[in-house]
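I opened this model to look up a few backbone, charge and packing details, and I am noting each one as I find it.

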Amino acid sequence: MINKQALIDLELDSVLSLVRHHSICSKGKESITESLITDNLDLINERANKIDELIALIKIKGESVNYFVAIDNIFTYKNSASFDGKDIYSVGCFLSAIPSLEAFLSKELIDKDLIELKDNISLSIDEDGLVKETHPLLYPLYKKVEETKQRRQIYSQNFLSSHLDAAQNLNAVYRNERVVLPIKREKRGEVEGYIQGSSQSGGTLFIEPFELVELNNQVVLAEEEIIRMKQKILLDISLKIRSHLDTLRYLDEFVTDFDIHYSAACFVIKNKAVRIESSKSIKLINARHPLLGKKAVPITLCLDESTKCVVLSGANAGGKTVSMKTVALFTLLNQIFGFAPCEEGSALPIYSNVYTDIGDGQSISENFSTFSHHMSNVAYITKKADESSLILLDELGSGTDPQEGSALTIALLDSLMKKGSTVFITSHYSTVKMHAYNTDFMMNASMEFDERSSMPTYKIIPGLPGESHAIEIAKRMGVSKEVIAAAKENLGSTANVTKLMNELSGKNRALDRKITQLELEKRELIKREKEAELIKLQNESLEKKLRKEGDIELNKFLNSARKELERLVHDVSTGKLNSEKTKNVKQFIKKLENKANETHERVKSEEEEEINSIEYDFKEGDEVLCGAYSRRGIILKDLGKGRYQVALDNIKMTLTKKELQPAKKEEIKFSSSYKISAVKPSLVMDVRGLTLKETLEKLDTQLEGCLVYNLSSFSIIHGYGDGILSRGIHEYLKKQKDVKDYRFATPEDGGMGKTYVFF
């Protein structure tokens, strides 16, 4: 059970309302709640598999399923009770929507009996739950009522016409739902019958003659017969529904379950969500908060398995809180549906609980300060947290003395680390950032800030602590220049600490890149050793096979040739040597030569087929033989669909897999490095003092080397100057399809005098 406060802080219900928007039944809509959250991975995968199937169907058939009304009430009636007409009508509507679901799923859900029940309800009951007057069983009864009323009307008109002196007027009237005649009071004795009332003045009596009494009774009886027939129709339909209650209950549950997954599938398609992989670490690629819509800035955050705490820092309103809430929200969406709005390759762990401490929570009525509220939440969280908990802490330690607040924050983080919890915390405290930098299992991350525009970009930079940029923001918000200048003078040593941490982080990243490059080279060597060993074993196996097959074939041929030779010798040795015998000997010799040539060609062909049948998985950097002339080259890039970019000397060509063969190695050398024809790139490229043409030539060589050696990033020092080099370099990089991103360096690493390039 996920902590209720966390559900509120993460606005899960608002996100689920986007899912419920696609719902096709009220019961399914009511079921899409936080109660679906589970830490059962099998159940998550089962739901995700169903959603995957429905996504495929929706893309083919569209959102073509009709809405299903609720039929819950029919399961609450007693066995002997007749159903209310509105509930019967709901069953008819429910069954009428089934064909659209059957067409969508290409699956039969109801049998002939239920189809007849649906048709019967449609024929009998209107939307108000009343029996339709057009029902075939009611037609003769309504006809009978009309005929009886007609006789009553004729009698009334005839009576009044024949008693003109006694009648007050010639129109019969209704009293107490019966037809009566208006008779003058003084003529009362002339009309025999029951008095049903009088006029307000008392001058008119409303009399029901004895014959009219019988006619009124006949009308009442005919109308009651209609009522009884309507009740019978309702009862008959109720009995039929009751006989199918089990099937209807199954269909109701089936539609509800379908609706949950169908609504999720529609949400996935609309929000371009993907299936989340199961992992022990967090990996989100271009995650987009669904409540932000088109305004959402995708965030990417990849943690290794050992990282248990992330300290998010950076400018106010820079997206720290939204970013960590996105991680937790996606965790919940994953544990409901197995999907979230991000890109393929995203992966998340499964957590048993999520705890949050977000917002100030100040309360005057409860005498709660901001700090008191934080501490109350934290006390509860530290008590409940364990190794399967995800915890979000927003500005922990704020609202009190910064020195004490930071000390308390560090102590609480260390405590949660011992419990094994995964923690995201936002903080401006430099000591907390430094603690994260020096502590295993903890990592700094910052929200990117555009120095030129003094605006946040809302992107996460892992490994780097962020600056608060309070002075820049204050300046942008209109604080006076005098105050800004004084603030910069008072900034003191705190900025130096942050600068030192950034420099250390930069050096650490550069070292990581070098280690990664060496590791890649090591893996490549091991791979080549294995490939060479495999080829050697395959060649030995082929040689043994050919030798064995050749020995068998040779023995057969020798036995045949021996018999043929013995016959020729016998023929030559008997009688005279003539031209025919000489011809036979020459043919035998020719046959031996042909057989030798045939065997040689067959062995050579089988060897080539055996080698060509080996399926190679070419990788970037592999040496290959290209085309019919077997020119040696190096694979620069896998272009997909069996196509590769290959370097042949100084020429780049695109070749298919069929045009490539692995290059054989005459000798396997075990060493710590290997040579490739491309120039090995440098991590930092200094072009100061070069012309733009020289710079671009050097940059072209650098880019080619990066592709060959799989270098993911490098930097270019071009200086400030008048901007010719930086503009030219950026224009050139913009046209390179292999360059994923480029931007000026951070201020402490050179600012606009240096450019970072990423592949």
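In which strand does Asn-286 lie? I find Asn-286 in strand β7, which covers residues 283-287. I keep in mind throughout that I am reading a predicted model.

**Entry 1: backbone angles**

I looked up Asn-286 for its phi, which is near 50°, a positive value in a residue other than glycine. I noted this since most residues other than glycine have a negative phi. The relative accessibility of Asn-286 is 26%, so I list Asn-286 as partly exposed.

I then turned to Ser-106, which is not a glycine either and has a positive phi of about 50°. Ser-106 sits in the loop between α5 (85-105) and α6 (112-124), and because its relative accessibility is 61%, above the 50% cut-off, I enter Ser-106 as exposed.

**Entry 2: salt bridges**

My next search was for charged pairs, since side chains of opposite charge can pair when their charged atoms come close. The count comes to 19 salt bridges, and I followed up some of them one by one.

I looked first at Glu-34 and Lys-4, which form a salt bridge whose closest N and O atoms are 3.3 Å apart. Glu-34 belongs to the loop between α3 (26-31) and α4 (41-61), while Lys-4 belongs to helix α1 (residues 4-9), so this pair ties together parts that are 30 residues apart in sequence. I have Glu-34 as partly exposed, at 28% relative accessibility, and Lys-4 as partly exposed too, at 45%.

The side chains of Lys-144 and Glu-225 also meet in a salt bridge, with 3.6 Å from N to O. Because Lys-144 is in helix α7 (residues 139-162) and Glu-225 is in helix α8 (residues 210-243), the pair links parts that are 81 residues apart in sequence. For Lys-144 I recorded a relative accessible area of 42%, which makes it partly exposed, and for Glu-225 a value of 28%, again partly exposed.

I moved on to Arg-178 and Glu-208, whose side chains meet in a salt bridge at 2.8 Å, N to O. Here strands carry the two partners: Arg-178 lies in β2 (residues 178-184) and Glu-208 in β4 (residues 204-209), so the pair ties together parts that are 30 residues apart in sequence. Are these two partners buried or exposed? Arg-178 is buried, with a relative accessible area of 17%, and Glu-208 is buried as well, with 1%. I also noted one network, in which salt bridges that share partners join Glu-46, Lys-50 and Asp-257.

**Entry 3: a helix pair**

Last, I looked at how α18 and α19 pack, bearing in mind that two packed helices are described by the angle between their axes and the distance between the axes. Helix α18 (residues 692-708) and helix α19 (residues 724-734) pack at an angle of about 40°, and their axes are 10 Å apart. That angle makes α18 oblique to α19, and I entered their crossing as right-handed.

Which residues of α18 meet α19? On the α18 side I listed Leu-692, Thr-695, Leu-696, Leu-699, Asp-700 and Leu-703, and these meet Ile-724, Leu-725, Gly-728, Ile-729, Tyr-732 and Leu-733 in α19. Sorting the residues of this contact, I get nine nonpolar, two polar and one charged.

Technical notes:
Residues are numbered from 1 along each chain as its sequence is written. This is a predicted model: local features need pLDDT of at least 70, side-chain atom pairs count only at pLDDT 80 or more; totals for chains, interfaces and linings use all residues. Side-chain values use heavy atoms; hydrogens and water are left out. Axes are lines fitted to C-alpha atoms, for helices over the stretch in contact, and angles run from 0 to 180 degrees between N-to-C directions. Helices (H or I, at least four residues) and strands (E, at least two) are DSSP runs, numbered from the N terminus. Angles under 35 degrees count as roughly parallel, over 145 as roughly antiparallel, 65 to 115 as roughly perpendicular and the rest as oblique. A crossing is left-handed if the near helix is turned anticlockwise from the far one by less than a right angle, and right-handed if clockwise. Contact means heavy atoms within 4.5 Å. Ala, Val, Leu, Ile, Met, Phe, Trp, Tyr, Cys and Pro count as nonpolar, Asp, Glu, Lys and Arg as charged, and the others, Gly among them, as polar. A salt bridge is a side-chain nitrogen of Lys or Arg within 4 Å of a carboxyl oxygen of Asp or Glu. Buried means under 20% relative accessible area, exposed over 50%, partly exposed in between (1.4 Å probe, protein chains only).
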